[in-house]
Amino acid sequence: MNVSENLSKEEIQKIAEANDFHIAPFREDGVTYGTPTWIWSVMADDHLYVRAYNGTRSRWYQAALIQKAGKIEAAGMLKEVSFEPVSGSINEKIDEAYREKYSDSPYLGSMISDRAKAATVRVF
């Protein structure tokens, strides 16, 4: 399944402003959705990004890399989406978005750590 640009800029903004993001990549069969996992989401350069708190060993992250698609539930929306890993300089903008959105959280440091950065995914 390859869902292309399934999220509008307005939907991305709405999702990024909310705190109820759940991600469910497909399971190994490529048909069944995995168990929805609550994670943080942010917007940078008009795109939606998420990170795995536990880094690259996170189950949802591994499934997202392998299956490249699944669904998200956020801001009252249920969407089929695609996933792609990201790296490089965009991570600085993503870090800043995490700092802005989650500045009051004791978990912020973990989400901008090298471990979480290595497990950054663009959702589209």
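What percentage of the 124 residues in the protein is buried? Buried residues make up 47% of them. Keep in mind that this is a predicted model.

**Whole chain**

Start with the cartoon. Five helices and seven strands are there to pick out. Colour from the N terminus and follow the order: α-β-β-β-β-α-β-β-α-α-α-β. The radius of gyration is 13 Å, close to the 14 Å that the globule rule gives for 124 residues, so the protein is as compact as a globular protein of that length. Line up the principal axes next; the C-alpha trace spans about 35 × 30 × 25 Å along them.

Now turn on contacts. Take those between residues at least 6 apart in sequence: 69% of them join residues at least 24 apart.

**Surface and charge**

Switch to the surface. About 6700 Å² is exposed, with 47% of it supplied by carbon and sulfur atoms. Then select the charged side chains. There are 15 positive and 18 negative ones, and the centres of the two sets lie 5 Å apart.

**Helix α2**

Select residues 59-67, which form α2. Show Trp60, Tyr61, Ala64 and Gln67: these are buried. Look down the helix axis. The buried residues fall within an arc of 150°, so they line one face of α2. Turn to the other side for Arg59 and Ile66, both exposed.

What covers the buried residues of α2? Add the strands to find out. The cover includes β1 (22-25), β2 (37-38) and β4 (47-51). It also includes β5 (69-74), β6 (77-85) and β7 (120-123).

Last stop: Lys68, just after α2. Check its backbone, where phi is positive at about 65°.

Key
Residues numbered from 1 in each chain as written. Predicted model: local features only at pLDDT ≥ 70, side-chain atom pairs only at ≥ 80, totals over all residues. Heavy atoms only, no water. Helix = DSSP H or I, 4+ residues; strand = E, 2+ residues; numbered from the N terminus. Rg over C-alpha atoms; globule rule 2.2 N^0.38 Å. Buried < 20%, exposed > 50% of the residue type's maximum accessible area, 1.4 Å probe, protein only. Contact = heavy atoms within 4.5 Å. Areas by Shrake-Rupley, 256 points an atom, 1.4 Å probe, with all protein chains shown as cover. Lys, Arg positive; Asp, Glu negative; His and termini not counted. Charge placed at Lys NZ, Arg CZ, Asp CG, Glu CD. Arc of directions from axis to C-beta.
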